[in-house]
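Welcome! Open the structure in your viewer, keep the selection tool handy, and follow along stop by stop.

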Amino acid sequence: MCRSTTAIRFAGVADTPSQPTSSLIPHVLGQTLGELFAADPGRAERYVVVAGDLRIDYSKQPIDDRLVAALVDVADAAGVPARRDAMFDGERINVTEDRSVLHTALRTPRDAVLVQDGHDIVPDVHEVLDAMGAFADRIRADERITDVVNIGIGGSDLGPAMAAQALASFGHPRLRAHFVSNIDGADIHETLTRLDPASTLFIVASKTFGTIETLTNARTARDWLVDALGEDAVAAHFVAVSTNAERVSEFGIDTANMFGFWDWVGGRYSVDSAIGLSLMILIGPERFSEFLAGFRIMDEHFRSAPLDRNAPVLMAMIGILHANVLGRATKAVLPYAQELSRFAAYLQQLDMESNGKRVRLDGTPVPGDTGPIVWGEPGTNGQHAFYQLLHQGTRVVPVDFIGFATPNHPYRNHHDLLVANLFAQAEALAFGRSNEDEPHRHFPGDRPSTMILAERLTPSVLGQLIALYEHIVFVQGTVWGINSFDQWGVELGKELANRITPELIGEPDPSAHDTSTNAAIAWYRRLRP
């Protein structure tokens with residue numbers, strides 16, 4: 001069940017990273033969830049925290065009061081409160097890029113003040129939001145536009161794509177949103193075949209307006225539009241989310257329709273910036289404001305709640321317990337809401353790009369594991385796919401369940417069945433079913449989960465959910481002592497791809513690659529039409 005070592009120091013329990021795990025695990029981890037519930041009838045009420053509209057039940061986690069106190073002590077000793085305040089205050093905690101980390105500023109109210117390098121950035125944020133709102137209102141009122149295509153990749157795609165699907169019930173009845181990200185031509189081709197050039201608006205989302213995948217897709221879309229409507233149509237059917245006015249203008253986009261953001265906003269934290277323009281057009285400026293207000297609710301909870309009642313802190317530290325003490329490398333996020341079918345994919349980037357690091361802030365190696373492998377699918381589909389492993393497999397996978405009391409559709413009987421399955425799966429994972437006489441039908445139980453519930457999936461609730469996981473990632477990165485806000489790991493593959501691309505159609509350079517890569521290049525060149 002346990003790893004041989006851990007770098008996490010539990011107060012009064014661990015002393016050095018080389019200490020055997022058996023001496024690091026508090027007494028509670030020697031008991032099953034069934035035993036913990038039997039010994040403590042009140043845990044179902046005590047291990048629940050309410051943050052905004054979210055009811056977060058962590059009673060089915062392997063914790064008791066003593067362990068929660070130890071976990072909170074670890075967070076406190078790691079400097080989580082001070083680093084949290086430094087982030088919100090705009091200090092340059094992204095040390096490898098010498099940048100502030102101020103995605104939280106994107107949802108500050110208009111009357112707030114936040115000074116960055118001697119300049120109050122709140123008016124800048126609301127200037128962009130106001131421009132987005134005016135543009136969104138104009139498109140929503142334009143009967144000629146029926147389809148909005150966001151062209152981006154990574155944080156410029158995953159956030160708005162996930163949120164547009166999650167909040168489709170709040171969308172404009174005339175408008176359909178599409179998202180193109182993959183450089184695979186099948187992505188843009190499949191999208192364009194369903195569209196009419198005269199009724200389509202394209203949003204090209206790239207901070208530098210130089211991202212190769214985004215610009216390749218944008219140029220293909222541009223050619224498609226020009227072939228149908230002529231060169232003059234580009235300015236009327238393309239807008240940009242970027243900070244590079246020169247490149248935007250060269251593309252043919254009117255810079256009056258360019259919406260900017262700042263280097264203190266990382267891509268995976270940018271859905272509530274101008275990157276969310278497609279979402280704002282879909283749901284409208286008022287609903288988008290509710291979306292931002294939801295983020296702010298969770299921000300305020302994270303800043304003000306004591307650590308032992310602080311939802312992001314508790315969930316983060318329970319995650320560290322699983323990763324660094326119990327050796328559980330993955331985490332499943334299982335929303336029982338079809339609208340959140342892209343939520344796990346969104347969290348993959350948020351978590352794995354942020355905390356998939358092997359060195360500390362000072363460049364020294366991290367002595368333990370960082371960053372869980374995040375995955376998941378919506379229920380009940382997953383029950384007929386991978387839940388077999390969750391219930392009876394040899395690996396224990398911690399689970400975050402997400403569910404809602406009221407659906408955004410009229411089929412209440414469907415929803416009753418959905419929620420019944422949600423509650424049943426959490427119960428079955430935790431407590432199992434003994435059948436020692438038929439081992440194939442024995443369910444061992446003792447599989448941990450946290451259940452996050454809200455009345456309804458609204459723009460505000462979605463903002464709260466996103467901010468909750470943003471802050472979980474922050475807390476874990478702080479405890480591990482890593483920089484959660486750079487992503488140097490994505491650079492090498494890009495560099496090599498830029499080197500290989502001309503070799504596929506021009507003269508290859510065998511000295512530049514290993515023999516396996518050279519053989520693959522030669523194979524492709526032989527078969528390329």
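In which loop is Phe-209 found? Select the stretch between strand 7 (200–205) and helix 8 (212–229), and you will find Phe-209 in that loop. Before going further, please keep in mind that this is a predicted model. Phe-209 has a phi near 55°, a positive value in a residue other than glycine. Is Phe-209 buried or exposed? Its relative accessible area is 4%, under the 20% cut-off, so Phe-209 counts as buried.

**Next stop: another positive phi**

Now select Asp-446, in the loop between helix 16 (412–431) and strand 13 (449–456). Asp-446 is not a glycine either, yet its phi is positive, about 60°. Here the relative accessibility is 29%, which lies between the 20% and 50% limits, so Asp-446 is called partly exposed.

**Two more loops**

Go to the loop between strand 11 (373–375) and helix 15 (387–392), where Thr-380 lies. Show the backbone here: the peptide bond joining Gly-379 and Thr-380 is cis, with omega about 10°.

Then pick Ser-270, in the loop between strand 9 (258–259) and helix 11 (277–283). Ser-270 has a relative accessible area of 1% and is buried. What is Ser-270 in contact with, leaving aside its neighbours within four places in sequence? Highlight Gly-155, Val-265, Ile-275 and Gly-276 to see these contacts.

**On to the helices**

Select helix 13, residues 311–325. Its 15 residues should span 21 Å at 1.5 Å a residue, and the C-alpha atoms at its ends are 21 Å apart, so the two values agree. Colour helix 13 by accessibility and you will see that it is mostly covered, with 14 of its 15 residues buried. Just past helix 13 comes Gly-327, which has a positive phi near 65°.

Keep helix 13 on screen and add helix 17 (residues 459–480). How do helix 13 and helix 17 pack? Their axes are 8 Å apart and the angle is about 55°. That angle makes helix 13 oblique to helix 17. The crossing of helix 13 past helix 17 is right-handed. On the helix 13 side, look for residues including Pro-312, Met-315 and Ile-320; on the helix 17 side, those they meet include Leu-468, Ile-472 and Trp-480. By class, this contact has 13 nonpolar, 4 polar and no charged residues.

**A second partner for helix 17**

Leave helix 17 selected and bring in helix 12 (residues 285–304). These two pack at an angle of about 40°, with axes 7 Å apart. Helix 12 also passes helix 17 in a right-handed crossing. Residues of helix 12 in this contact include Phe-291, Phe-295 and Met-298, while Leu-462, Ile-466 and Phe-474 are among those from helix 17. Sorted by class, the contact has 12 nonpolar, 5 polar and 4 charged residues.

**Last stop: helix 4**

Stay with helix 12 and add helix 4 (residues 80–89). The two axes come within 10 Å and cross at roughly 140°, an angle that makes helix 4 oblique to helix 12. Which residues make the contact? Select Arg-84, Phe-88 and Asp-89 in helix 4, then Asp-299, Phe-302 and Arg-303 in helix 12. This set divides into 2 nonpolar, no polar and 4 charged residues. Take a second look at Asp-299 and Phe-302: they belong to this contact, and they also take part in the contact of helix 12 with helix 17.

Conventions
Residues are numbered from 1 along each chain as its sequence is written. This is a predicted model: local features need pLDDT of at least 70, side-chain atom pairs count only at pLDDT 80 or more; totals for chains, interfaces and linings use all residues. Side-chain values use heavy atoms; hydrogens and water are left out. Axes are lines fitted to C-alpha atoms, for helices over the stretch in contact, and angles run from 0 to 180 degrees between N-to-C directions. Helices (H or I, at least four residues) and strands (E, at least two) are DSSP runs, numbered from the N terminus. A crossing is left-handed if the near helix is turned anticlockwise from the far one by less than a right angle, and right-handed if clockwise. Contact means heavy atoms within 4.5 Å. Ala, Val, Leu, Ile, Met, Phe, Trp, Tyr, Cys and Pro count as nonpolar, Asp, Glu, Lys and Arg as charged, and the others, Gly among them, as polar. Angles under 35 degrees count as roughly parallel, over 145 as roughly antiparallel, 65 to 115 as roughly perpendicular and the rest as oblique. The expected span of a helix is 1.5 Å times one less than its number of residues. Buried means under 20% relative accessible area, exposed over 50%, partly exposed in between (1.4 Å probe, protein chains only).
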